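Welcome! Have a look at the structure below, then work through the exercises one step at a time.

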Amino acid sequence: MVKTVVASNTNGSTSTLTGSGSASRNSSGIAESDVIEAGNVVISIQVLQNVTKYFCPENELGRGGFGVVYKGELDDGTKIAVKRMESGVISSKALDEFQAEIAVFSKVRHRHLVSHLGYSIAGNERILFYEYMPQGALSKHLFHWKSLKLEPLSWKRRLNIALDVARGMEYLHNLAHRSFIHGHLKSSNILLGDDFRAKVSDFGLKMTLLEEFTQPINQLSQKFLVHREILSLTGKVTTKVDVFSFGVVLMELLTGLMARDEDRPEESQYLAAWFGHIKSDKQKLRAAIDPALEVKDETFEISIIAELAGHCTARKPSQRPDMSHAVNVLAPLVEKWKPLDDDIEEYCGIDYRLPLKQMVKGWREAKGKDFIYVDLEDSKSSIPARPTGFAEPFTSADGR
Ligand SMILES: Nc1ncnc2c1ncn2[C@@H]1O[C@H](COP(=O)(O)OP(=O)(O)OP(=O)(O)O)[C@@H](O)[C@H]1O
């Protein structure tokens, strides 16, 4: 017997059901009979086996610390990413915690956060499934584009990605009802859509849900402590850990170099440390820019991003800005590159250059007007319609 839960209801609880999954299915491949109480949709694990062709290697999208991620396709053509956890990653003892965490993060919806759609439990199997991001991880496009025969990312795309990530992280930190720490933001956890717009993934697997911005280190698995040396300065995990990681991602976008690479000369093995030394020297900074970028008139922007990256990776967490600051620095740069009629609905009635409160006020007013707008806090527009019973997303008056 197996049980699968897709999303959860708005009060944070989840329900599960055992079953074979053989009932007739709606347009998203989810059985009508599987829809049960209080907004919970329950489907069987067989659906996931079917859509991934029994976890066929051909459908493998990648591997991470938790296991293998497969591509799957529902009956209606909707693509999903299915993360099959390696056995032992989650003990049965930790299962309650696992379910409770998932109950929370399945409701976190934002256009720059990869939507978590559900999970499955069957015997030792722990499977999570997500919105599918067709262009895959940012890391692939920054570090492996040649071997994968991809186009290198243009400067404009990199700027957009930086802003998208900043907005997703700003939401996690400040704008959801509670504050979330991602804990392992990195370029392999930033996924790209066909339009090369970015969404942050993997928040929640060990995301720390905090009412206050403090948590003793030992409550987080070492695996997630990408910048352990920085954490050890304070002994606390705070949102500033994510800000540091974001600064490193900015450095990767600028240089095309991985955060850490033991094949590089010793002084540049750690990108953050090395970049911190060279960023104020114009010539060295220019020499460090990714050769795949044809830099012409972007010198001014590059120095702003370099400055921001340095600020985000300040040694003391208290000296690092919050993500809202990063959004405010990046938004005008992206705006500059934006053709007037490009992506117009995203900007309808909203001036992203305004401080958050004014911007939200403008957005609310725009909502009342008689034209199409996009719900800024809800990424559901990027995936096909949510099947009946999927969780209502968190709402936030401050979404951007
Ligand atoms: N939603 C998704 N859509 C498309 N591809 C995905 C999706 N989620 C993951 N992938 C692919 O699977 C790979 C592995 O993802 P996963 O999140 O398991 O590990 P990771 O982020 O690389 O590492 P870690 O587990 O240490 O965070 C990613 O690099 C990406 O290429």
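**Exercise 1.** How many bridges join β7 to β9, and do the two run parallel or antiparallel?

*Solution.* Before we start: this is a predicted model, in which local features need pLDDT of at least 70 and side-chain atom pairs count only at pLDDT 80 or more, while totals for chains, interfaces and linings use all residues. Residues are numbered from 1 along each chain as its sequence is written, and side-chain values use heavy atoms, with hydrogens and water left out.

Step 1: Find the strands (DSSP runs of E, at least two residues, numbered from the N terminus). β7 covers 79–85 and β9 covers 125–131.

Step 2: Check the pairing, which requires at least two bridges found by DSSP. β7 and β9 are joined by 5 bridges and run antiparallel. As an example, K83 stands opposite L128 in β9.

**Exercise 2.** Which strand forms a hairpin with β9?

*Solution.* Step 1: Strand β8 (residues 116–122) is joined to β9 by 6 bridges, and the two run antiparallel. Here G118 stands opposite F129 in β9.

Step 2: Look at the turn. β8 and β9 form a hairpin with 2 residues between them, and G123 in the turn has a positive phi of about 55°.

Step 3: Check the cover of β9. Of its 7 residues, 7 are buried (under 20% relative accessible area, with a 1.4 Å probe and protein chains only).

**Exercise 3.** Which residues come nearest to the ligand?

*Solution.* Step 1: Collect the shell, meaning residues with a heavy atom within 4 Å of the ligand. There are 20 residues around the ligand, and G65, E131, M133, K186 and N189 come nearest.

Step 2: Look for polar contacts (pairs of N or O atoms within 3.5 Å). A backbone N or O atom of E131 is 2.8 Å from a ligand nitrogen atom. In the side chain of K186, an N or O atom lies 2.9 Å from a ligand oxygen atom. For the side chain of D202, the corresponding distance to a ligand oxygen atom is 3.0 Å.

Step 3: Ask which strands contribute. β5 (60–64), β7 and β9 each supply at least two shell residues, and the largest share, 4 residues, comes from β5.

**Exercise 4.** Why does the ligand lie between domain 1 and domain 2?

*Solution.* Step 1: Note the bounds, which come from an automatic or database domain assignment: domain 1 is 45–131 and domain 2 is 136–334.

Step 2: Both domains give residues to the shell around the ligand, so the ligand lies between them.

How values were computed: Polar contact = N/O pair within 3.5 Å; in protein donor to acceptor, adjacent residues only side chain to side chain. Buried < 20%, exposed > 50% of the residue type's maximum accessible area, 1.4 Å probe, protein only.
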